[in-house]
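Me: Please take a close look at one part of this model, the side-chain pairs that hold charges or rings. Say where each partner sits along the chain, and add the backbone details that go with the surrounding loops and strands.

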Amino acid sequence: KMTQQMRDLQLAQARKPPGPSSPNAAKRLYRNLSGKFRVNYTSFDEGSLVGRGEKEKLRKSYLFQSNAALFEAVELQDLDRVQEMLKHYSPEELDLNTPNSEGLLPLDIAIMTNNAPIARALLQAGAKESPHFVSLESRSLHLSTLVREAEQRVNELMAQVVNEAPSADCSEKEKQLKAWEWRFRLYKRMKAGFEHARVPDAPSSVQLSVASSSSLQVTFWEPLSVNSAVVTKYKVEWSCSPSFSPLLGEAVIDKLKELHFTIQGLVSGTAYHVRVSAYNMKGWGPPQASTPPFAIPSNWRELDGRVPRRRGQAEALDHLLGQVKTVHQHCICHEPCKNQPQSRKHSVSKSLKHLFHPGSKFHKTLKRGLYLTAIFYKDDNILVTHEDQIPVVEIDDTYSCLLMQDFLWLTKVSCMWDEILWLRQCVTVSQSSCSCILQTRFKMLLAISQMQGLLGIQDLGQVFFEPIKDKQGNILIVTLKEVKTSQTFESVRWVPICKLQSSRKSVSSPEEPTALDMLLISVQDKLAYHQRSSHALSPGLYLGYLKLCSAVDQIRVLVPEQLPNILCHVKIRSNPNISREEWEWLQKMASVEEPVPTETEADRSQNSFFQELQVAIKELMTLVNIPLQEAKDFRLYSQEVLDFGDQVSFLLLLPPSDDVCTAPGQNNPYTPRSGFLTLPLQIFELGETG
């Protein structure tokens with residue numbers, strides 16, 4: 001069995017090599033193995049092995065040691081060691097669900113000794129109960145046999161120790177006797193745990209919600225009392241009848257990391273009743289009916305038959321861009337280019353080559369003008385030129401002030417880094433008729449091409465939402481991109497950010513910092529912004545707050561610093577779907593004079609969505625520093641639910657009509673607390689994700 005002596009007793013059916021002969025030996029085994037069996041088998045010198053067979057034997061030997069150590073850790077109730085092994089090894093490497101010579105699995109030992117923490121850790125790792133226990137009778141008989149055989153072996157060894165004279169052999173027998181006495185006590189404890197246990201109570205709570213027009217979400221919680229036995233699985237049942245006869249379907253959940261289940265393939269508009277029951281080694285407990293007692297699969301779009309706003313948009317844009325390119329290629333304005341004399345073609349070719357001529361280099365210093373810089377970063381390192389300078393190219397040396405519309409146009413161009421050459425051709429053609437209008441944008445495209453050519457990188461990343469301006473008249477447009485892999489580049493190299501900052505600090509003027517100095521001072525903030533702007537919300541339904549402020553040349557939107565690609569928000573619930581019934585209720589609320597419910601109304605309401613929404617409104621008002629009494633003047637946007645993919649949806653809370661957008665010079669009486677910023681609306685639209 002698990003010890004050498006028990007394997008001697010049942011040698012014919014032994015499945016595993018000899019293990020520790022005592023509890024102390026077991027402790028030494030899995031303590032010493034902590035360093036030994038964390039071995040990468042490929043690290044051995046393959047030349048020293050006879051062949052593939054030897055390597056396979058070695059691999060199996062280490063796997064056995066980890067498996068035996070796990071059994072001993074469970075038997076000795078060493079939770080820390082169990083968690084450590086589950087962390088470092090997969091279930092397959094631990095042989096987690098292969099019974100030992102006694103027909104037991106680690107989970108069997110944990111639940112029959114009622115060690116709930118170890119049992120839960122094993123369950124979350126994918127552990128199962130032994131398939132040998134097909135009934136309560138078979139489990140009881142198996143445990144009785146283990147106890148009887150262990151007791152018999154203890155009696156035999158005790159008689160031998162008493163009758164034999166002191167010797168080395170007698171000392172070994174005493175060790176065996178102690179090991180078997182410990183094993184005997186373990187089996188008796190397992191048998192007593194099984195006999196005293198009862199079936200579990202019903203789950204403490206079962207919540208039912210509408211997940212879509214064809215599915216329901218069931219969330220449940222552990223029973224308040226498991227009756228001295230760990231729950232190892234749950235059963236979800238559903239029916240159109242409150243008596244659950246006939247039963248339409250059931251599902252057994254034995255992966256217990258998260259206690260929820262989605263019932264798929266249901267009929268929209270049909271009411272379904274759901275209940276959940278728990279299981280332990282004594283069997284299934286009584287079922288718990290859901291709250292509410294039934295639900296009807298539906299979606300808010302069914303109320304007016306509206307199709308998703310974004311359906312087919314990406315495909316339509318790709319098709320439109322393809323059409324534009326096709327028309328552009330056959331445009332009459334290209335004809336002069338085709339019929340140009342050879343000398344003209346040579347001149348154009350020469351001008352293009354000039355971009356990549358060694359004379360076209362990065363700028364070390366800034367003179368009054370408009371510049372483009374590209375920040376590539378990985379961990380705490382940043383890409384710099386061989387002269388330890390951030391890559392900077394000039395856009396226009398005569399540009400005295402940046403027009404916001406040109407900058408916003410460039411942010412849209414950042415979605416088409418691979419199309420810069422084509423865009424330059426378009427602007428070049430148009431320039432002949434209206435050069436004064438497109439001159440700056442053409443120079444922007446030229447600078448982008450130059451940056452791409454010097455770096456050898458097409459994708460320059462995301463444009464930072466705000467250019468950097470200094471008192472010398474320099475304007476610096478910044479792009480940001482995180483490099484995931486350890487790439488190497490010809491004209492640039494990686495340097496720690498702190499080293500670059502310290503070297504720049506030694507040569508810069510603190511009184512009159514240039515735009516480059518200002519960039520290096522704030523580079524960590526910009527990198528943090530870039531990383532946060534790519535984060536996604538967890539699945540759920542959210543309440544967002546739409547607040548705008550206008551200036552002479554732009555409109556800005558209020559966003560949280562921690563997630564600048566989305567509106568200020570709080571989470572209403574984990575289920576992103578709004579059912580048809582909930583949407584109908586929202587429509588009614590939008591039509592009354594005071595759409596936001598009062599505390600008294602919330603107390604009287606039995607609608608869980610009503611209560612979830614009110615809690616979210618209070619939380620959101622606190623977040624943006626608006627007194628709760630002012631909420632009565634706010635409105636819920638009732639035209640549609642904003643869907644961001646299938647897993648995230650938004651309801652919008654709007655200020656009074658006159659306060660949605662704050663005009664220039666208008667005071668906002670309620671200033672949000674720290675942790676917010678305002679983005680140009682076009683920048684926000686480009687970065688908006690779920």
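Reply: Helices and strands here are DSSP runs, of at least four residues for a helix and at least two for a strand, and they are numbered from the N terminus. With that numbering, Pro246 falls in the loop between strand E3 (233–239) and strand E4 (249–253). The peptide bond leading into Pro246 from Ser245 is cis, with omega near 5°. Another cis bond connects Thr291 to Pro292, where omega is about -5°; Pro292 belongs to strand E8.

The model is predicted, and side-chain atom pairs count only where pLDDT is 80 or more. The protein chain has 21 helices and 24 strands. Of its 690 residues, 44% are buried. If one takes the contacts between residues at least 6 apart in sequence, 72% of them join residues at least 24 apart.

Now the charged pairs. Side chains of opposite charge can pair when their charged atoms come close. The structure contains 20 salt bridges. One of them joins the side chains of Lys443 and Asp396, at 3.2 Å from N to O. Lys443 is in helix H14 (residues 420–455) and Asp396 in strand E11 (residues 392–396), so this bridge spans 47 residues of sequence and links distant parts of the chain. The partners differ in burial: Lys443 has a relative accessible area of 22% and is partly exposed, while Asp396, at 6%, is buried. The cut-off for buried is under 20%, which means that Lys443 falls on the partly exposed side of it.

A second bridge, between Arg556 and Glu466, has an N to O distance of 3.9 Å. Arg556 is in strand E18 (residues 555–560), whereas Glu466 is in the loop between strand E12 (462–463) and strand E13 (468–469), so the bridge ties together parts 90 residues apart in sequence. The distance of 3.9 Å still qualifies because the limit for a salt bridge is 4 Å. Here Arg556 is the buried partner, at 16% relative accessibility, and Glu466 is partly exposed at 38%.

The bridge between Arg580 and Glu584, at 3.7 Å from N to O, lies within one element. Both residues are in helix H18 (residues 580–591), and they are four residues apart, so about one helical turn separates them. Arg580 is partly exposed at 30% relative accessibility, and Glu584 is partly exposed at 31%. Elsewhere, Arg573, Glu582 and Glu612 are linked in a salt-bridge network.

Next, the rings. There are 12 aromatic pairs in the structure. Among them is the pair of Trp300 and Trp583, which is tilted, with ring centres 5.2 Å apart and 55° between the planes. Trp300 lies in the loop between strand E8 (288–295) and helix H10 (313–329), and Trp583 in helix H18, so the pair links parts of the chain 283 residues apart. Helix H18 therefore holds Trp583 as well as the bridge partners Arg580 and Glu584. Trp300 is buried at 1% relative accessible area, and Trp583 is buried at 2%. Phe644 and Phe650 make an edge-to-face pair, 5.6 Å centre to centre and 80° between the planes; both are buried. Phe464, Phe465 and Tyr529 form one aromatic cluster.

For contrast with the charged pairs, consider a helix contact. The axes of helix H4 (residues 79–88) and helix H7 (residues 116–124) come within 10 Å and cross at roughly 5°, which means that H4 is roughly parallel to H7. On the H4 side, Leu79, Val82 and Leu86 take part, and they meet Pro117, Ile118, Ala121 and Leu122 of H7. This contact consists of seven nonpolar residues, with no polar and no charged ones.

The remaining backbone details concern loops. Asp95 is not a glycine, yet its phi is positive, at about 55°. Asp95 is in the loop between helix H5 (91–94) and helix H6 (106–112) and is partly exposed at 31% relative accessible area. Asn114, in the loop between H6 and H7, likewise has a positive phi, near 55°, without being a glycine. At 38% relative accessibility, Asn114 is partly exposed.

Conventions: Residues numbered from 1 in each chain as written. Predicted model: local features only at pLDDT ≥ 70, side-chain atom pairs only at ≥ 80, totals over all residues. Heavy atoms only, no water. Buried < 20%, exposed > 50% of the residue type's maximum accessible area, 1.4 Å probe, protein only. Axes fitted to C-alpha atoms, helices over the stretch in contact; angles between N-to-C directions. Parallel < 35°, antiparallel > 145°, perpendicular 65-115°, else oblique. Contact = heavy atoms within 4.5 Å. Nonpolar A, V, L, I, M, F, W, Y, C, P; charged D, E, K, R; others polar. Phe/Tyr/Trp six-rings, centres within 6.5 Å; stacked < 30°, edge-to-face > 60°.
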